[in-house]
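Okay, thanks everyone for coming. Let me put the structure up and walk you through a couple of spots in it.

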Amino acid sequence: MNDNINEYDGLKLENQLCFPLYAAARKIVSLYTPYLKKLGITYTQYIAFMVLWEKKSVSVGELCERLFLDSGTVTPLVKKLEKDGYITRERSKEDERVVMVRLTKKGEALKDKAKSIPYTVGNCVPLEQKEAVQLYAILYQLLGRLETHE
């Protein structure tokens, strides 16, 4: 009888690694919401902008890789950013199957308006610098292992 109790331990919420990751991610993203709302963008759009502000021009495939998102999520996002005038899309001259995404002046201008957001939100996260660095390293290590595991 005692064995039957343990066979369901895996179904307890407190025994799930995925749950605190999910809940913490939602809480962190919610800290960004008021600042991003002022810019008229979502968190997913914001992280796409971060890649574009760094690179200026990327393929949709690279954007998917960098954001750990599939093309079914990134393609509508890119279309919306294009419709709003933040980016342009065009086929690569080297390979027509590749769609390149480039910032417009409007998309580049948003960078100035967003530059304080990481610091503002970072100050809202109650972790010591050392803890934040450790968590960052562990999460990217996990992401890397999950990518190679698929």
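So, start at S59: skipping its neighbours within four places in sequence, S59 is in contact with V98, V99 and M100, where contact means heavy atoms within 4.5 Å. Quick caveats: this is a predicted model, local features need pLDDT of at least 70, side-chain atom pairs count only at pLDDT 80 or more, and totals for chains, interfaces and linings use all residues. Residues are numbered from 1 along each chain as its sequence is written, and side-chain values use heavy atoms, with hydrogens and water left out.

Back to S59. It lies in strand 1; strands (E, at least two residues) and helices (H or I, at least four) are DSSP runs, numbered from the N terminus. S59 is buried, at 16% relative accessible area; buried means under 20%, exposed over 50%, partly exposed in between, with a 1.4 Å probe and protein chains only.

Now the sheet. It's open, 3 strands, order 1-3-2, with antiparallel pairing; two strands pair if DSSP finds at least two bridges between them. Strand 1 (57-59) and strand 2 (87-91) are at the edges with a single partner strand each, so one side of each has no neighbour in the sheet. Strand 2 is joined to strand 3 (residues 99-103) by 5 bridges, and I87 stands opposite L103.

I87 also turns up in the largest nonpolar core, which has 29 residues. By that I mean buried Ala, Val, Leu, Ile, Met, Phe, Trp, Tyr and Cys residues joined through side-chain atoms within 4.5 Å. Helix 3 gives the largest share, 7 residues.
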